[in-house]
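Open the structure in your viewer and keep the selection panel at hand. The stops below say what to select next and what is there.

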Amino acid sequence: MDITSVLAKIKSHPGYRSAGMVLIHNGTVRATSRKGSPVSSLVLTPDRTRLDAIVDEMKKKQGIIEIVAEVNEGILAPGDDIMIIAVAGDYRENVFPVLREMIDKVKTSVTEKIER
């Protein structure tokens, strides 16, 4: 996973010149759980078919030009990338909600995580 290559994919879209902004989310493995317990690793299993379906669904939202989403897989250590999601669109009032919705959908219906 490389944030620079994700941005390059966004910029290579034929409609990119109509974009007024690109938002990028880079989710990483934290060293502690939400409850404060230490995390030595995270086992991540993504549903790539579901990820593709969500990207297709979100691209239909008003003002959205392109979305690139990548989700890591396997045993990850604190600091490793979990996901990178980039959303390009016309105006911030269209792009911010889509990025937020993408993150929430990926976390709840694409990734299965086991903290160790």
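Select Ile24 to begin: Ile24 is partly exposed, with a relative accessible area of 32%. On this scale buried means under 20% relative accessible area, exposed over 50%, and partly exposed in between, with a 1.4 Å probe and protein chains only. Ile24 sits in strand E1; strands (E, at least two residues) and helices (H or I, at least four) are DSSP runs numbered from the N terminus. Add Val68 to the selection: 44 residues separate Ile24 and Val68 in sequence, and their C-alpha atoms are 9.4 Å apart in space.

Before going on, note that this is a predicted model, in which local features need pLDDT of at least 70 and side-chain atom pairs count only at pLDDT 80 or more, while totals for chains, interfaces and linings use all residues. Residues are numbered from 1 along each chain as its sequence is written, and side-chain values use heavy atoms, with hydrogens and water left out.

**The core**

Next, select Ile67, Ile85, Val87, Met102 and Val106. These have the most contacts inside the largest nonpolar core, which has 26 residues. At least two residues of this core come from each of strand E1 (21-28), strand E2 (42-46), helix H2 (48-59), strand E3 (64-71), strand E5 (81-89) and helix H3 (92-109). Helix H3 gives the most, with six residues. A nonpolar core here is a set of buried Ala, Val, Leu, Ile, Met, Phe, Trp, Tyr and Cys residues joined through side-chain atoms within 4.5 Å. In soluble globular proteins, nonpolar side chains tend to be buried together.

**Salt bridges**

How many salt bridges does a search of the whole structure find? The search finds seven, counting a side-chain nitrogen of Lys or Arg within 4 Å of a carboxyl oxygen of Asp or Glu.

Select Glu73 and Arg48, a salt bridge whose closest N and O atoms are 3.2 Å apart. This pair links distant parts of the chain, 25 residues apart: Glu73 is in the loop between E3 and E4, and Arg48 is in helix H2. Glu73 is partly exposed at 47% relative accessible area, and Arg48 counts as partly exposed at 36%.

Move to Lys61 and Glu101, where the closest N and O atoms of the salt bridge are 3.4 Å apart. Lys61 lies in the loop between H2 and E3 and Glu101 in helix H3, so this pair ties together parts 40 residues apart in sequence. Lys61 is partly exposed, with a relative accessible area of 33%; Glu101 is also partly exposed, at 25%.

Keep Glu101 selected and add Lys105. These two form a salt bridge with closest N and O atoms 3.8 Å apart. Because they are four residues apart in helix H3, about one helical turn separates Glu101 and Lys105. Add Glu57 and Lys61 to see one network: Glu57, Lys61, Glu101 and Lys105 are joined by salt bridges that share partners.

**Loops**

Select Tyr91, in the loop between E5 and H3. Is Tyr91 buried or exposed? Tyr91 counts as exposed, at 51% relative accessibility. From Tyr91 to Glu57 the C-alpha distance is 19 Å, with their positions 34 residues apart in sequence.

Then select Ala77, in the loop between strand E4 (74-76) and E5. Ala77 is partly exposed, with a relative accessible area of 32%. The C-alpha atoms of Ala77 and Arg48 are 21 Å apart, and the two residues are 29 apart along the chain.

**Last stop**

Finally, select Lys113, in strand E6 (residues 111-115). Lys113 is partly exposed, with a relative accessible area of 38%.
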